Amino acid sequence: MEPDVFSPFSGGFEIFGVLLVILAIVTLWSTVKIVPQGTNYTVENFGRYTRTLQPGLHILIPVMERVGHRMNMKEQVLDIPSQDVITRDNAMVRVNGVTFFQILNAARAAYEVDALEPSIVNLTMTNIRTVMGSMDLDELLSNRDQINARLLQVVDQATEAWGIKVTRIEIKDIDPPRDLVDSMARQMKAERDKRAQILESEGLRQAAILRAEGEKQAVMLEAEGRKEAAFRDAEARERAAQAEATATQLVSDAIAKGNVQAINYFVANNYVSALESLAKAPNQKVILMPLEASSVIGSLAGLAQITGEAFGGGAPTQPAPSRGSVPRA
């Protein structure tokens, strides 16, 4: 058998070849970059920014280029820690909030500012003190939307140079001191009691006005009724007087024409009216009649004859009873 020939360099070449293969694989892997969706990579050529890699597959120049920063391009949220703020009327409140932002330019966000998120937090806290310190406590508690809008405008303008967009700033909690909260509660209670008393007084005043208006209307209606009744009474008396005057005129005309029955009618009518008035008197009385009954009956007969003549001279008049007869009821 021939002895094995051993070369001391054969094992070294194999190891070197393996190292070259590994180095080639590592170099190839470092030059191939896959950028996920929602992320941008900045590329540096010997430490100098050259370009930005969008989502997808990219090849870098080995040794010369490398990835500088991996920037999240999605909208992000930052908690603003609590801080004490002194308002314009010297009231101290404790405030915290949240800030929503989105990177629009990866290169500017990576190279224009150091520590992007802490910078946004500190800038927001500073502007919270500025904006809320220029307002009274009552405005602070009631105008939260206005505060958010002012903060958004100021912070967004300040961070525009960093390549980011501040989309929203929300104040979460505004906590006044406990004694101030108690004072505000007492003030609110007093204000509500005041409004309740005002409304009650207004209701009483309105009720009094309506009651007076109703009484006024009642008096006016009553007066209107009395006026109408008086007018009706006067009209009735006028018609009665007119009828009496007409009757008197007719009797006078008949007397003027020599009608004896008209005189009897006139006398009998007044005589009967006088007897009726005496009979209706409520007191006890004894009536003495000096006139003869036959005269009254004759007058009544004359009245009946006149009435008959007025309606066409119907039934003839009967002779008067004798002087000694007694009239029947």
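This is a chat about the helices, sheets and one aromatic pair of a predicted model.

User: Before we start, what kind of model is this, and how are residues numbered?
Analyst: It's a predicted model, where local features need pLDDT of at least 70 and side-chain atom pairs count only at pLDDT 80 or more, while totals for chains, interfaces and linings use all residues. Residues are numbered from 1 along each chain as its sequence is written, and side-chain values use heavy atoms, with hydrogens and water left out.

User: OK, helix 5. How many residues has it got, and how far does it reach?
Analyst: Helix 5 covers residues 144-159, so to speak 16 residues, and reaches 22 Å from first C-alpha to last, close to the 22 Å expected at 1.5 Å a residue. That expected span is 1.5 Å times one less than the number of residues. Helices here are DSSP runs of H or I with at least four residues, strands are runs of E with at least two, and both are numbered from the N terminus.

User: Which residues of helix 5 are buried?
Analyst: I147, N148, L151, V155, D156 and T159. Buried means under 20% relative accessible area, exposed is over 50%, and partly exposed is in between (1.4 Å probe, protein chains only).

User: Why do they line one face?
Analyst: Down the axis of helix 5, the buried residues fall within an arc of 145 degrees, so they line one face. The arc is taken from the directions from the helix axis to the C-beta atoms. The face turned away from the buried side carries the exposed residues Q153 and Q157.

User: And what covers the buried residues?
Analyst: The cover includes helix 3 (116-133), helix 4 (137-142) and strand 8 (164-175).

User: Zoom in on N148. What does it touch?
Analyst: N148 touches I169, E170 and I171, leaving aside residues up to four places away in sequence; contact means heavy atoms within 4.5 Å. N148 and I171 are 23 residues apart in sequence and 6.7 Å apart in space, C-alpha to C-alpha. At 9% relative accessibility, N148 counts as buried.

User: Switching to sheets. What's the strand order in the one with strand 8?
Analyst: That's an open sheet of 3 strands in the order 6-7-8, with antiparallel pairing. Two strands pair if DSSP finds at least two bridges between them. Strand 6 and strand 8 are the edge strands, each pairing on one side only.

User: How do strand 6 and strand 7 connect?
Analyst: They form a hairpin with 5 residues between them, and N90 in the turn has a positive phi of about 65 degrees. Strand 6 (residues 76-86) pairs with strand 7 (residues 92-103) over 9 bridges, in the antiparallel sense. In strand 7, R94 is the bridge partner of D84, and V98 stands opposite D79.

User: What about the sheet with order 3-2-5?
Analyst: That open sheet has 3 strands and antiparallel pairing, with strand 3 (48-53) and strand 5 (65-72) at the edges. Strand 2 (residues 39-45) and strand 5 are joined by 6 bridges; in strand 5, the bridge partner of N40 is M71.

User: How many aromatic pairs are there?
Analyst: The structure holds 1. The rings of Y49 and Y111 have centres 5.5 Å apart and planes at 50 degrees, so the pair is tilted. For the cut-offs, rings of Phe, Tyr and Trp (its six-membered ring) pair if their centres lie within 6.5 Å; planes under 30 degrees apart count as stacked, over 60 as edge-to-face and the rest as tilted.

User: Where do those two sit?
Analyst: Y49 is in strand 3 and Y111 in helix 2 (residues 106-111), 62 residues apart, linking distant parts of the chain.
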